[in-house]
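Let us walk through this structure step by step. Keep the sequence and the 3D view side by side.

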Amino acid sequence: MMPIGHYLLLSLLLLLIGAIGVITRRNVIIVLMSIELILNAVNINLVAFSRYYGDVAGQVFALFIIADAAAEAAVGLGIMIAFFRNRETVLADEMDLLKW
Amino acid sequence: MLQGVLAFVQTWWVELLCAVLIVLVVPLIAGYIVLVERKVMADMQARLGPMRVGPHGLLQPIADAVKLLIKEDLIPDDADKFIFWFAPVLSMTAALTSMGGIAFGPWFQVGRDINIGLLFVVGVSALGPFGIVLGGWASNNHYSIIGAIRSTAQLISYETTAGFALVSGFLLAGTLKVSDIVKAQYTDHVWYVFLAPVGFFTYLIASIAETNRAPFDLPEAESELVAGYMTEYSGFRWSLYFLAEYANMIVVGAVGATLFLGGWLRPFPNVAWLGWVDGLPTLLLAVTGVYCVMRAGKQPVHVQVMFMWAVALVCFLVALIFGVVEFAHLTSSAAFLSQHPVQLLRSMYDGLYGAFWFLLKVSAYIYIFMWLRFTLPRFRFDQLMRLGWHILIPLALVNVIAVGIMLALMSSLGWNRWLAALLTTLGTLVVGMLLIRWNDKHAAAASGSIATDNTQVEDSYAG
Amino acid sequence: MSVLANTVHDRTLQRPDTILGADELVINMGPQHPSTHGVLRVKLKLDGERVIGSECVIGYLHRGVEKIAENRSYQQFAPYVDRMDYVSAVSNGLGYCEAVEKLLMVEAPLRARVIRTILTELQRIASHLLWLGTHALDIGALTPLFYCMREREEILKIFEKYCGARLTTHAFRIGGLQYEAYDTLEKDVERFCNSFEARIQEYSDLLTSNSIWIGRTRNVGLLDAADCIALGASGPVLRASGVKWDLRKATPYAAYDQYKFEIPVGSNGDTYDRYMVRLEEMRQSRLICLQAIENIPVGPIMARVGKVLKPPPGEVYHAIEAPKGILGYYIVSDGGTQPYRVRIRPPSFINLQALDKMIRGHLVTDVVAIIGTLDIVLGEVDR
Amino acid sequence: MLDSIVFYFFAGVAVLSALLMVTRRNAIHSAVFLITTLLSTAGIFLQLHAEFLFIAQIILYVGGIMVLFIFVIMLVRLDVPLPQIRSPLRQWTAIFVAFVVFGEGVYIVWKSRLVPGHGLLVLNPYPSDKLPPNTENLAKSLFSFYLLPFEIASVLLLVAMIGAVVMGKKRANTP
């Protein structure tokens, strides 16, 4: 069994890849997907700690994060559809008005 | 390294064997399910069905497989090649992987120690829609994409129903582990279909929809969408989709049989005077074997003769295993039992015997699928959605609550099990009737219009 | 019911744009599609799955039947009409023969007319059976097709015994019949009719009260009486909308004036009503056959017409109630041996006009049900 | 031994497909690679003896959320790659920041490796034979100690659902 640091580094890598995606991509859907990736990276951390300490709390919180990700995806995609309907685009750069 | 591999194999040989068996045998079984389906269809439609290849068309699946394998491998020019390649593989992988969680007999399981049991099966088979939706999208064809979108919406909706229906079974069993579920039905002296009939029937309907079978076969409705998401597929890739569909049928059948029909238990496993039922498999196999031998001589082609002999041999072999062990049970002579080969046979007996009853139940389940397919017309998409979201999901939810109430009545108030089951089932049915009536009223008002607006609403449940 | 049709229509008018504002999806149904019954091509403009517009493309099976008529003698042209609506060739032949007889001002003998009536009614049953099977198949019921084919086979066997051909029979001649009825014709027809009653009940049991079937057909493809008349629709399509118009009663031809039968009408004008009307028509046709075989009059089967037909100059229009609707022949003669002009009013072609009106606002799934319920035969649409 | 092979396999697949996910231009391809990442993460959960989370990840994340994503991508016809405006400044900033954060992470892990009892690199896992049955354990704590957060999560989902419905609904008179 390898030490927990491996999991932490994996989690860190995924988090950073997700962050790069959020910063560099213009397509809102891919930005949303990158956010999912970040949440997922957090989950790895939580579950790894839960395993190494033998405490279930980490898994409970991972579960909450999954629920949260679902909520975020639903609302995010809802916003995106509404946006697409009005502006016919999904590029983040075009979202420059607070109201339309 | 080699040592490690050897140790690994030694620890996990049953699982490995089962995995290999699944990968090798399921395509064959799927082929034969197709044959049976064609025969059943032919029987219902007053004709004969395949008769040419082998006796009564018994070798037809093999001929079909060979044909599919040697067909030209077509990828449309404008298709997304990577995903076009990836999608059927994903479908097939999901279907076969989910089989790993199913116990075909007491020890006939890949994931024996997995404590999420049936949830694994349900979860992994939930990956199937991806294969369909991605394949439909990658084909770059309007029929395909309509089929793909239909199937996504349909599978998501009906997975919810199936999940709730399974929860009612899980509540009764108190566990997710497959072997424990079957044991629970043994110790409870009842199949759960009798305690939660509504759960079983909602699962039945939802599982038909989940496997894209008629009357819910809208994603591949041939009269509208040509072949739905499979329109552009041919040859081997197409056969992967096809296999995945039939493998999924086996999976849902197996889940239903495990949870509601007592898994690998024989009917009335606790009733002693029905012990003679144990002899049925032996008898059936022996009769099949004799029939094969009788027919073998009449086959025109050498291969067919050999095939019949092989089938007969397998039947006789299994019948022998069963027979010897049953004989041992009857005589119960220690000298006979202690002989080495008898012990070996006994160790195989449990698995094969369980597998026999289990597969029998799965076949019955699949037969219901076929029966409905050849009897009923196809639903329209909005009707399908309305059935799913307005009737089945509320019904399944109410059923979960009802089963909870039933368990509470039994455990805290000490009610008789049958009385509690009867009351809660009746309650659920009343709710179901109200739902249908309400929905009819609603549907009459909204007929002609469809659920386009609703699909988005409905999909937000998906997470 | 007409209110409903209009609401469906209006909803689409109010929102010409699609739900998401995304592009409309245009799909080509046909000419090679499992359920366009031959080579019909329908271009569908879809919003999601809802049809917001359609365009029929026909002509893939055009053979120029009307033009061919101008270069054939009257008798020579008779087999060609069989190739129009090839699933009810006998009816086509009846219409043509009677039209030419009218032009020649002769009438077929009574015996010939009775036998014509029997065969035509059998053909109506066969045509409706084929329709029922394929319509049910389009809607997803696989099994009725085979049962219907089984019954149709009986009828085709009777045709085969009578004239040697099963599909394109060319059963009648101008002026009467070429063949005398074979010995056991009555018995065969009677046997068929007796077994058919139970069989048709069987199909009815499979479909009529099946809630999926009702769901798929009721209120689908609504067409009210005014629309039907405006579009020139005829046959079961017209009668299902509540118009009691059947040429067999209105302007009796052949020997229909001698028999008692009902004209079934629907009330709603939807796909379900058209289904019910056609089922009932089959029952009525069976009754007509039974009445007709009771006494087939004795006598000649051919009127006195010459070997070479030279009708006097003039024009004639004769219409019959074919299984699919009113089949009319307009023949102009210039006194020669060949028609100057033949114009055929094909029921399928004219009923097909209603398609766009019927499918607007419905789903793709309903399109196949509606094409099925119109009961078109492309050979007749394209001629 | 087997454990670490499994871990490295899944970790490699996860990182590789995550990279592919943020670099593909076609949204559907991105989604497919995200699915691969999520599935390998699920594999890592299984390797960590978190069976319930493994299946929750597959059912909820992959079977639910990702289907939603793909559905929306198809719905708004994003399947054609969008024109990409290159903005080197933003990209380089992102990569630079990422490297800095990664360095920090590695430094922290390295630094804390020797803290007794909590050293991140030497900590041994809880003995696997002493782990309680995963699903039961999770359910018990979820429905007792974490009941309130659990209910709050369900309310959150309800709110999100209503929000999504409101968002997705076509307003009657928008231009």
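In β7(C), Tyr329(C) is the bridge partner of His318(C). Strands here are DSSP runs of E with at least two residues, helices are runs of H or I with at least four, and both are numbered from the N terminus. This is a predicted model, in which local features need pLDDT of at least 70 and side-chain atom pairs count only at pLDDT 80 or more, while totals for chains, interfaces and linings use all residues. Residues are numbered from 1 along each chain as its sequence is written, and chains are lettered from A and ligands numbered from 1 in the order in which they are written.

Stay with these strands. β6(C) and β7(C) run antiparallel and are joined by 9 bridges. They form a hairpin, with 2 residues between them. Two strands count as paired if DSSP finds at least two bridges between them.

Now add a neighbour. β7(C), residues 325–333, is joined to β8(C) by 5 bridges, again antiparallel. Here Gly328(C) stands opposite Arg345(C) of β8(C). The result is an open sheet of 3 strands in the order β6-β7-β8 of chain C. Its edge strands are β6 (314–322) and β8 (341–345) of chain C, each pairing on one side only. On average, neighbouring strands are turned by 10 degrees against each other, direction ignored.

A helix packs on this sheet. Helix α4 of chain C, residues 89–104, touches β6 and β7 of chain C. Its direction makes about 150 degrees with that of β6(C). Contact means C-beta atoms, placed from the backbone, within 7 Å. Angles run from 0 to 180 degrees between N-to-C directions, with axes fitted to C-alpha atoms, for helices over the stretch in contact.

Next comes helix α5 of chain C, residues 110–139. Why does its length fit? At 1.5 Å a residue its 30 residues should span 44 Å, and the end C-alpha atoms are 43 Å apart, which agrees. The expected span is 1.5 Å times one less than the number of residues. Of the 30 residues of α5(C), 29 are buried, that is, with 20 or more other C-beta atoms within 10 Å of their own. Gly140(C) follows, with a positive phi near 110 degrees.

Finally, look at chain D. Phe69(D) touches Ile29(A), Met33(A), Ala73(A) and Ala31(D), not counting residues up to four places away in sequence.

Terms used:
A residue is buried if 20 or more other C-beta atoms lie within 10 Å of its own, exposed if 12 or fewer, and partly exposed in between; C-beta atoms are placed from the backbone. Two residues are in contact if their C-beta atoms, placed from the backbone, lie within 7 Å.
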